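Visitor: Could you take me on a close look at one part of this structure, the place where the two chains meet? I am in my first year, so please explain the terms as you go.

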Amino acid sequence: MSLNQPIKRKSRWPRWARRGLMENVATALIAIGFLMLFQPFALALYTYSFITMLAGTVMFIIVSKFPE
Amino acid sequence: MLNRTAENVARATPEPLARKVRGISDKGLAWLFISPTILLLLAINIFPLFWAIYLSFTNFRANRPNEVVKNLGFANYQRILADQDIWIAMQTTAHFVFWTILLQTLIGFTLAWLIDRKFRGHAFWTTIILVPMMLSPAVVGNFWRFLYEPQIGLFAYAISFITRIPPTDIQMLSNVSLAPWSIIIVDTWMWTPYVMLICLAGLRSIPEYIYEAAEVDRASNWRQFWSITLPMALPFIMLAVLFRGIENFKMFDMVNLLTGGGPGSTTEVASITLKRQAFESWRTGYSSAFAIILFVAVFGLANIYVKALNKVKQR
């Protein structure tokens, strides 16, 4: 076994707040907001579409800087 | 001998430019070169965006610049998101975007696949197919208006020849159910070559040895298409869909020239409503809020798309 193998440090970043998972949540929010904006079924869904989409987009921008 | 060569190389190597321009480091010089571009970008892209965000919270009207501007908070956004007419305009936009992207991707990829076969005269046909994309939308709009004319238009005559319906009954631009499709046809005609070009780049980037290996393994053409061609060209197809999706959400010129949003409001897409609010009703603050909503929608979609694209590329 090589002695020069890099030692993997355990990240202190909480597992639930890792980039992969949070990015998926943000993407889901954007997709739901997008569908709500263009759906022809309920005006109430259209009304709340923008805030859903905005929350998803802002979340995506933030969590894409989180560690993997 | 070796020493002399090294000396010659050293003499021929140019000294760093920064050393010539006294007092400026390499980094400083780099900033000096890119600063005009950054300033231009700030002036024509970033500043208007922030200004529009500011205006979206006010009752500002561009035709009354001397009027006192009142801060309305989120009132503009609340009004837009409760407006039934704008909701319908959004659905019309979604209808256009869905059908134009679907048709352009299917036809564009098929054309690219055919052109990639390298038959005799394929370069000539590629140029012919690319012509619509090179025309100005204003020219295309006027040109298709004539083609759609029920009395003299070639389109109506061609359809009448196939279906035996009299050409005067084929009113593409004034019929409520045909008008949206007339715009979809024109946009597909104009922008399919663009999708084809991107897909063709994708198909040409697939190495030939993969097909040769598949031939050795006796994979059928159908199998080769689903297991090699489509997965390897997928990032390019997705890129084309992203570009066309963003463009079609802002589709304005073609709709304005062909139907102007009519008959009634059947072809009134979001950008036409936006233009009416901004430059006919002069509700600048209100239309800014509407533009920001559209911007967030497109920006969010682009984020999802880039993530999906990266995932496909990593495979």
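Guide: Here is a walk through the contact between the chains, followed by the core and two loop residues.

This is a predicted model, in which local features need pLDDT of at least 70, side-chain atom pairs count only at pLDDT 80 or more, and totals for chains, interfaces and linings use all residues. Residues are numbered from 1 along each chain as its sequence is written, while chains are lettered from A and ligands numbered from 1 in the order in which they are written.

Let's start with the contact itself, to which chain B brings 17 residues and chain A brings 18 residues. Two residues are in contact if their C-beta atoms, placed from the backbone, lie within 7 Å. On the side of chain B that touches chain A, the elements giving two or more residues are α5 (84–115) and α14 (284–314) of chain B. Of these, α14(B) gives the most, with nine residues. Helices here are DSSP runs of H or I, at least four residues long, and strands are runs of E, at least two long, numbered from the N terminus. By type, this side of chain B has 12 nonpolar residues, four polar and one charged. Nonpolar covers Ala, Val, Leu, Ile, Met, Phe, Trp, Tyr, Cys and Pro; charged covers Asp, Glu, Lys and Arg; the others, Gly among them, count as polar.

Now to the core. I293(B) touches F50(A) and I80(B), leaving aside residues up to four places away in sequence. In the largest nonpolar core, which has 65 residues, I293(B) is among those that touch the most other members, together with M53(A), V186(B) and C199(B). Such a core is a set of buried Ala, Val, Leu, Ile, Met, Phe, Trp, Tyr and Cys residues joined through C-beta atoms within 7 Å. A residue is buried if 20 or more other C-beta atoms lie within 10 Å of its own, exposed if 12 or fewer, and partly exposed in between, with C-beta atoms placed from the backbone. Of the 68 residues of chain A, 25% count as buried, and this chain has three helices and zero strands.

Finally, look at the loop between α13 (270–279) and α14 of chain B, where W282(B) lies. W282(B) is not a glycine, yet its phi is positive, near 55°. With 14 other C-beta atoms within 10 Å, W282(B) is partly exposed. R218(B), also not a glycine, has a positive phi of about 60°. R218(B) counts as exposed, with 7 C-beta neighbours inside 10 Å.
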